[in-house]
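Reader: I would like a close look at one part of this model, beginning with a loop and then following its surroundings into the rest of the chain. Please keep it plain and say what is buried, what is exposed and what touches what.

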Amino acid sequence: MKTKIVKAKHILASLVLLAVLLVAASCALPGAVAIPTNPSPPAVTAPTPISPAPVLVNSETASPFPDFVSVIAAVRPSVVAITTEVSGYSVFGSSYTQQGAGSGWIIDSGGLIVTNNHVVEGAKNITVTLEDSRTFSAESVHTDPVADLAVVKINAQNLPALQIGDSSKLNVGEQVVAIGNSLGMGISATEGIVSAVGVSLSISPGETLSDLIQTDAAINPGNSGGPLVNALGEVVGINSAKVAQVGVEGMGYAISVKEATPIIDQLIKNGYVTRPYLGVSLYTVDQFVALRYGLGVDKGVLITQVSPGSPADKAGIMQGDVITAIEDKEVNDASGLIQAINSCQIGQKVKVTYWRGKTHDTTYATLAQNPPPGQ
């Protein structure tokens, strides 16, 4: 019994020794990793920062997104609301007063405001409301119906005038903002893009506006006369018209400042715009007019009145004549004749082709300067 116990002890000792030898051998193997009793977190080496490649920016061609919040905040104090009162008579002969609303913008700190002619035309009272809620009655109004522009003077000083931009540099797709007294509900702003430039639009019989800026910025009643500004807050157009038809969306129009500036300058300096003058009143001829008056031609421009002593009078043009061409360029309506005359120079001798009854003839008229309004 004792011998068995001794043998068991020897076997147990041998096993313990073998285990120790195996552990020692494993520690000595190549590539073996010794695990410390109290491991420390491994040291972390900060990565070397990578410098991004420099981006070259051309300041002349860079076009960041415009900050229209700042643009509108800067422009709003220079935009005014215009309210008008126009007298009229009903079909029963009773008088009434009709109120209208429009917009304008300050072009000079001394109280000069630009708007549309149709905003103030025929008004007996014109009131201008500034952004700070001050109101002024118009002291004077000078208008140009041909270009649909007007300059209103109020008795105020140190007003914030807007900067005028270069509308000839506008590109289709460029972002713009229309600001004005939309619907007569106070000054608001609408943003859009330039849809087209150099547009001509007939807004009434015998009246066509040229060099218009088309935009999809909403231009609603009351916006007329307000500024269309670019991303720099510069005036590039005067909001003027909107095509309002079923199925037509996003077609507002503004008079370009390139077209408007010389007219505005003349309204400020002279009170009216000087243009070549023929001295006739006009009516567009169509088949019904030709039949009604027994004309020898069914298109052209009927002369309904000739001013005494005018270039037309001196050239022998008479009431009832139908002008069909100026300088051998065909004119088919009153608007075309007006544009043809306006494209000439004061003092220029122009060839006028016309019909008198059934007779076709020509004459020459030397264009004069149009007389001041009221003369």
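Author: Asparagine 158 sits in the loop that joins β7 to β8 (175-180). In this predicted model, the phi angle of asparagine 158 is near 55 degrees, which is positive although the residue is not glycine. Asparagine 158 counts as exposed because its relative accessible area is 73%, and exposed means over 50%.

Aspartate 148 makes a useful comparison. Its phi is also near 55 degrees, again a positive value in a residue other than glycine. Aspartate 148 belongs to the loop between β6 and β7 (149-153). Is aspartate 148 buried or exposed? Its relative accessibility is 2%, so aspartate 148 is buried; the limit for that label is under 20%.

From aspartate 148 the path leads to histidine 118, which is in contact with Asp148, Ser224 and Ser240 once neighbours within four places in sequence are set aside. Histidine 118 is part of helix α3 (residues 117-120). Its relative accessible area is 36%, so histidine 118 is classed as partly exposed. Proline 145 is 27 residues from histidine 118 in sequence, while 7.6 Å separates the two C-alpha atoms in space.

Ser224, one of the contacts of histidine 118, is also touched by asparagine 239. Asparagine 239 is placed in strand β12 (residues 235-242). Asparagine 239 is buried because its relative accessible area is 0%. Leaving out residues up to four places away in sequence, asparagine 239 touches Asn116, Ala178, Ile179, Ile219, Asn223, Ser224, Gly225, Gly226, Pro227, Leu228, Tyr253 and Ala254. Of these, Ala178 and Ile179 fall within the range of β8 (175-180).

Asn223 leads on to serine 182, with which it is in contact. Serine 182 is found in the loop between β8 and β9 (188-204). With a relative accessible area of 12%, serine 182 counts as buried. Beyond its neighbours within four places in sequence, serine 182 meets Ser188, Asn220, Pro221, Gly222 and Asn223.

Back at β6 (140-144), Val141 is among the contacts of isoleucine 126. Strand β4 (residues 125-129) holds isoleucine 126, and a relative accessible area of 10% is the reason isoleucine 126 is called buried. Other contacts of isoleucine 126, sequence neighbours within four places aside, are Ile82, Thr83, Thr84, Val120, Phe136, Ser137 and Ala138. The C-alpha atoms of isoleucine 126 and serine 137 are 5.9 Å apart, at a sequence separation of 11 residues.

The pocket comes next. The largest pocket holds about 1400 Å³ of space. It is lined by 44 residues, and the closest to its centre are Asp144, Val146, Arg275, Ile338 and Asn342. Elements giving two or more residues to this lining are β6 (140-144), β10 (207-215), α4 (257-269), β14 (276-277), β15 (280-285) and α7 (334-342). Helix α7 supplies the largest share, 7 residues. Sorted by class, the lining contains 24 nonpolar, 15 polar and 5 charged residues.

Helix α4 appears again in the largest nonpolar core. That core has 32 residues, and those touching the most other members are Val75, Trp105, Leu149, Leu212, Ile238 and Ile264. Its largest share, 5 residues, comes from α4. A separate core of 20 residues includes Val301, Val331, Leu337 and Tyr354.

For the chain as a whole, the secondary structure consists of 7 helices and 21 strands. The chain has 375 residues, of which 36% are buried. Among contacts at a separation of 6 or more, 58% join residues 24 or more positions apart. The exposed area of the chain is about 21900 Å², with carbon and sulfur atoms supplying 56% of it.

How values were computed
Residues numbered from 1 in each chain as written. Predicted model: local features only at pLDDT ≥ 70, side-chain atom pairs only at ≥ 80, totals over all residues. Heavy atoms only, no water. 1 Å grid on protein atoms, 1.4 Å probe; cavity = no way out; pocket = protein on both sides within 12 Å on 5 of 7 lines; lining within 4 Å. Points joined across faces, edges and corners; volume = space filled by probe spheres on them. Helix = DSSP H or I, 4+ residues; strand = E, 2+ residues; numbered from the N terminus. Nonpolar A, V, L, I, M, F, W, Y, C, P; charged D, E, K, R; others polar. Buried < 20%, exposed > 50% of the residue type's maximum accessible area, 1.4 Å probe, protein only. Core = buried A, V, L, I, M, F, W, Y, C linked by side-chain atoms within 4.5 Å. Contact = heavy atoms within 4.5 Å. Areas by Shrake-Rupley, 256 points an atom, 1.4 Å probe, with all protein chains shown as cover.
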